[in-house]
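The following questions and answers examine a structural model by its ligand surroundings, sheets and helix packing. Please keep the sequence and coordinates at hand while reading.

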Amino acid sequence: MTAPKLETRAFNLWYGNFHALKNVSCSIPPRAITAIIGPSGCGKSTLVRVFNRMNDTIPGVRTSGEVLLDGVPITGEGVNLRALRKKVGMVFQRPNPFPLSVFENVAYGPRIHGLCDGDGLHERVRRSLEATGLWEALKDSLNDSALSLPPEQQQRLCISRLLAVEPEVLLMDEPCSALDPIATAKIEQLMLSLKSRYTIVIVTHNMQQAARISDFCGFMLLGEMIEFGETGPMFTRPKDSRTEEYITGRYG
Ligand SMILES: Nc1ncnc2c1ncn2[C@@H]1O[C@H](COP(=O)(O)OP(=O)(O)O)[C@@H](O)[C@H]1O
Ligand SMILES: [Mg+2]
């Protein structure tokens, strides 16, 4: 058993009085795709936001328990959030490129982190666009506005923007929900091509997607992690009757 890349231990989160994550303990393996599934409102987005402390910006949030990255706690004061978010990047439901050129979107992170300039920066942008399969399509339109790209390319660009700062973990919150099936298939292929180098956590309400691309899977219900394990066995022989009910489509 390899050491987990990310781990929560008896983690709770409240929005004011509302208990949104209940005693969640899970271990996310490195260099694999872990899918978080469950009905709308069960806490999937809240859980992935825990891994880069994105809930911190929401007023009235309280937490208890531990979250670890490579065995080191990332909860509490004294954690460098900028460094954390460089290591643990996030892609959202709707592609959200900056209203800048293609090049400047990808160069943004390296610039603010002081990673390189001049030729080094151009090279880094090229590699990041290559990694998501965008380079060939966009190399002659690097100065075009990112907002003029079709949604699938915008989502790839958002992933390139993360890769440019050399993250270790990619959090993806329903990254395909604004995309058509063909674009979705392309993003899924991209995720599969990235998993040898990155730890990927994807939230999806699409169980076929979870079954197709994930190695590990967590099923949540009403803020609880009901079942967590390898995707194959979970889909064929779920341990909990609630998991079975969900994956056979009886609710959700
Ligand atoms: N900023 C917030 N303030 C108050 N409640 C919230 C906030 N964000 C989410 N919630 C509530 O927490 C629960 C879990 O939400 P969320 O993590 O978005 O679920 P999911 O991603 O599984 O649909 C829901 O009941 C939701 O209404
Ligand atoms: Mg959500």
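Strands, helices and a ligand shell

Q: How many bridges join strand 4 to strand 5?
A: Strands (E, at least two residues) and helices (H or I, at least four) are DSSP runs numbered from the N terminus, and two strands pair if DSSP finds at least two bridges between them. Strand 4 and strand 5 run antiparallel, and L69 has V72 of strand 5 as its bridge partner. The number of bridges joining strand 4 to strand 5 is two.

Q: Which pLDDT do local features need in this predicted model?
A: Residues are numbered from 1 along each chain as its sequence is written, while chains are lettered from A and ligands numbered from 1 in the order in which they are written. In this predicted model, totals for chains, interfaces and linings use all residues, side-chain atom pairs count only at pLDDT 80 or more, and local features need a pLDDT of at least 70.

Q: Which residue in the turn between strand 4 and strand 5 has a positive phi?
A: The two strands form a hairpin with two residues between them. Most residues other than glycine have a negative phi. The residue in question is not a glycine, yet its phi is about 50°; with 14 C-beta neighbours inside 10 Å it counts as partly exposed (buried means 20 or more other C-beta atoms within 10 Å, exposed 12 or fewer, partly exposed in between, with C-beta atoms placed from the backbone). The residue in the turn is D70.

Q: What is the order of the open sheet formed by four strands?
A: The pairing in this sheet is antiparallel, and its edge strands, each pairing on one side only, are strand 2 and strand 5 (72–73). Strand 1 (residues 6–15) and strand 4 (residues 61–69) pair over eight bridges; L13 stands opposite T63, and Y15 has V61 as its bridge partner. The order of the four strands is 2-1-4-5.

Q: Which helix gives the most residues to the shell around ligand 1?
A: The residues surrounding ligand 1 include Y15, F18, G38, K44 and I58, where a residue is near if its C-beta atom, placed from the backbone, lies within 6 Å. The shell divides into five nonpolar, six polar and one charged residue, with Ala, Val, Leu, Ile, Met, Phe, Trp, Tyr, Cys and Pro taken as nonpolar, Asp, Glu, Lys and Arg as charged, and the others, Gly among them, as polar. Strand 2 (18–28) and helix 1 (44–50) each supply at least two residues. With three residues, the helix that gives the most is helix 1.

Q: Which strands stand at the edges of the sheet in the order 6-7-8-3-9-10?
A: This open sheet of six strands has mixed pairing, and its neighbouring strands are turned by 15° against each other on average, direction ignored. Each edge strand has a single partner strand, so one side of each is left without a neighbour in the sheet. These edges are strand 6 and strand 10 (224–230).

Q: How many bridges pair strand 7 with strand 8?
A: Strand 7 (169–173) also pairs with strand 6 in the parallel sense over four bridges, where L170 is the bridge partner of G89. Both faces of strand 6 (residues 88–91) are covered, with V88 and M90 buried on one side and G89 and V91 on the other. On the side of strand 8 (residues 199–203), the pairing is parallel and D173 stands opposite V203. The number of bridges between strand 7 and strand 8 is five.

Q: At roughly what angle do the axes of helix 3 and helix 6 cross?
A: The buried residues of helix 3 (residues 102–112), among them V102, N105 and V106, pack against helix 4 (118–131), helix 5 (135–138) and helix 6 (151–163). The axes of helix 3 and helix 6 come within 7 Å, and the crossing is right-handed (the near helix is turned clockwise from the far one by less than a right angle; anticlockwise would be left-handed). The contact (C-beta atoms, placed from the backbone, within 7 Å) joins V102, N105, V106, Y108 and G109 to L157, S160 and R161. With axes fitted to C-alpha atoms over the stretch in contact and angles running from 0 to 180 degrees between N-to-C directions, the crossing angle is roughly 30°.

Q: Is E166 buried or partly exposed?
A: E166 lies in the loop between helix 6 and strand 7 and has a positive phi of about 55° although it is not a glycine. Because 17 other C-beta atoms lie within 10 Å, E166 is partly exposed.

Notes:
Contact = placed C-beta atoms within 7 Å.
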